[in-house]
Each structure stands twice: as structure tokens, then as C-alpha cells.
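Please load the model in your viewer and keep a selection box handy. We will go from stop to stop, with something to select at each one.

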Amino acid sequence: MYDGLGNWPGLMYLTEEEKRDYEAMEERFRELHPDCKRGRWGTDGSRVRHCCLCCPPPPLGPAQIEKLTRLFQTFPSAEERKKDLDAWELILTCDHVTTFIQHRENTYVRRVVDCSECQTRRGVVESKRLGPAYTDDGVEAARSEVEQARVVAELTKAKEQLRRQQQRAAATSSRIEELQKQLSPTVRGDGIA
């Protein structure tokens, strides 16, 4: 498992003697593992390589287990992690609307998701962040709140669209009046004399 010869230098830096040793080690490895197509592993400070398929690494020691335990204990609980999730409204290429939950740090949404209505994968045409997916207590936000936020956003968008359309209609109306004033007095109204 450990030969104490140190790590192999990069292959391009091997001396002629090291190249012969390396090729001999490779040949011995292939003899011991003729059908192995898996990766290899080794320990730091050793030139011996082991097959990932038939030579599993040794089990962790007590100190390593203790260190991993302390590390895992620092992770936030599932309830704490829920506070960082946001709900997004996705409009799909099939014109269906679905919600998607992801971590707040992700400022983009996937380009393709599963449509629950079509039962197939669809592209995302538009995405809107609706807000936290869970309350501070870790309880899933009521869908009605998410739905209400969606309706408020849609209403705001519709009002803005109406305002633009009214501005265009007023501009068109004043243009019609200008054109009618330019016509002779006998040709007014619907343009017929």
C-alpha cells in the first residue's frame, strides 16, 4: 500500500531510470488487473497505485471520522436551509405556468423543466421570482400567497400595457384629426366625397 518512495514526478520530468521503473510498475499493474477499466488511487508519498474496482481504499480511522463528524455538524439543518429557497413562476413554451423552487443565490432558472400538465420537458420562455418559498418558521408558503403575488405582477404588467395602448390610441386619434383638417371641406368624415 505504501512504498515510501515519494510521489512520481510529472511524466515529462522522469529520468531514464525512472521511466523504466514507471513502465515496469505499469506492466505489473496491468498483469494484476487485466480487466480493470476503472480509475486508480494511491496514497501521498507512495508510487504504488491501486485499482478503484477491486482494491477499495482502507476504511477511515477514528481521527478522520471525528473530523468529518465535526464538519457535518456545522452544516445548517434542513429547516434552516429552507429559509434560503425562493419560488419562481415559469411560463413554458407550451403556455402552461408552473412554479419552481430553488436557492436564493441562483439568479437564473433552468432553461428546460418538466411541465406537470403536458407530462413532458418544455423550454422556459419567461421566469419571475415570486419570493420566499417558505415562511420564517420553515413552513411552505401558502400557494395562495404565491398565486396572489403572481396575479399582482400580472395586473401591474396589464395596466402598463393598457397605458401604452391608450397613449398610442390618443396619438392615432390626433393624427386622424390633423389629416381631416388637411382635406378639402367637401371630403370629410369617412373620406368619401
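The tour below starts with confidence, then visits a sheet, some salt bridges, aromatic pairs and a histidine.

**Stop 1: colour by confidence**

Remember that this is a predicted model, so begin by colouring the protein chain by pLDDT. The chain has a mean of 83, and 87% of its residues reach 70 or more. Now select residues 62-73: this is helix H2, where confidence is highest, at 93. Then select residues 78-82, helix H3, where confidence is lowest, at a mean of 79.

**Stop 2: the four-stranded sheet**

Switch to a cartoon view and look for an open sheet of four strands, whose order is E4-E3-E6-E5 and whose pairing is antiparallel. Select 97-103 and 112-115 to light up the edge strands, E4 and E5, each of which pairs on one side only. Direction ignored, neighbouring strands of this sheet are turned by 55° against each other on average.

Next, highlight residues 85-92 and 120-132. These are strands E3 and E6, which pair in the antiparallel sense over seven bridges. If you would like one contact to look at, pick aspartate 86: its bridge partner in E6 is proline 132.

**Stop 3: a salt bridge across the sheet**

Keep aspartate 86 selected and add arginine 129. How far apart are the closest N and O atoms of this salt bridge? They are 2.7 Å apart. The pair links distant parts of the chain, with arginine 129 in strand E6 and aspartate 86 in strand E3, 43 residues apart.

Turn on the surface, and ask of each partner: buried, partly exposed or exposed? Aspartate 86 has a relative accessible area of 2%, so it counts as buried. Arginine 129, at 46%, is partly exposed. Extend the selection to Asp84 and Arg104 as well: salt bridges that share partners join Asp84, Asp86, Arg104 and Arg129 into one network.

Before leaving arginine 129, select threonine 107, which is found in the loop between E4 and E5. Threonine 107 has 67% relative accessibility, so it counts as exposed. Draw a C-alpha to C-alpha distance from threonine 107 to arginine 129 and you will get 9.0 Å, for two residues that are 22 apart in sequence.

**Stop 4: charged pairs along helix H1**

The count of salt bridges comes to 14, and two more of them are worth a visit here. Side chains of opposite charge can pair when their charged atoms come close.

Select glutamate 16 and lysine 19. Their side chains meet in a salt bridge of 3.7 Å, N to O. Both lie in helix H1 (residues 16-32), three residues apart, about one turn of the helix. Glutamate 16 counts as exposed at 52% relative accessibility, while lysine 19 is partly exposed at 33%.

Further along, select glutamate 26 and arginine 30, where another salt bridge spans 3.6 Å, N to O. Why are these two separated by about one helical turn? Because they are four residues apart in helix H1. Glutamate 26 is buried, with a relative accessible area of 11%, whereas arginine 30 counts as partly exposed at 48%.

**Stop 5: aromatic pairs**

How many aromatic pairs does a search of the whole structure find? It finds two. For one of them, show tryptophan 8 and tyrosine 22 as sticks: the pair is edge-to-face, 5.2 Å centre to centre, with 90° between the planes. Tryptophan 8 lies in the segment before H1 and tyrosine 22 in helix H1, so the pair ties together parts that are 14 residues apart in sequence. Tryptophan 8 is buried at 16% relative accessible area, and tyrosine 22 counts as partly exposed at 23%.

Then move to phenylalanine 72 and phenylalanine 75. Their ring centres are 5.6 Å apart and their planes stand at 65°, so this pair is edge-to-face. Phenylalanine 75 counts as partly exposed, at 47% relative accessibility.

**Stop 6: histidine 50 and its surroundings**

Finish by centring on histidine 50 in strand E2 (residues 50-51). With a relative accessible area of 12%, histidine 50 is buried. Which residues does histidine 50 touch, not counting those up to four places away in sequence? Show Met1, Phe29, Gly39, Arg40, Trp41, Gly42 and Cys55 to see them.

Conventions:
Residues are numbered from 1 along each chain as its sequence is written. This is a predicted model: local features need pLDDT of at least 70, side-chain atom pairs count only at pLDDT 80 or more; totals for chains, interfaces and linings use all residues. Side-chain values use heavy atoms; hydrogens and water are left out. Two strands pair if DSSP finds at least two bridges between them. Axes are lines fitted to C-alpha atoms, for helices over the stretch in contact, and angles run from 0 to 180 degrees between N-to-C directions. Buried means under 20% relative accessible area, exposed over 50%, partly exposed in between (1.4 Å probe, protein chains only). Contact means heavy atoms within 4.5 Å. pLDDT is the predictor's confidence in each residue, from 0 to 100. A salt bridge is a side-chain nitrogen of Lys or Arg within 4 Å of a carboxyl oxygen of Asp or Glu. Rings of Phe, Tyr and Trp (its six-membered ring) pair if their centres lie within 6.5 Å; planes under 30 degrees apart count as stacked, over 60 as edge-to-face and the rest as tilted.
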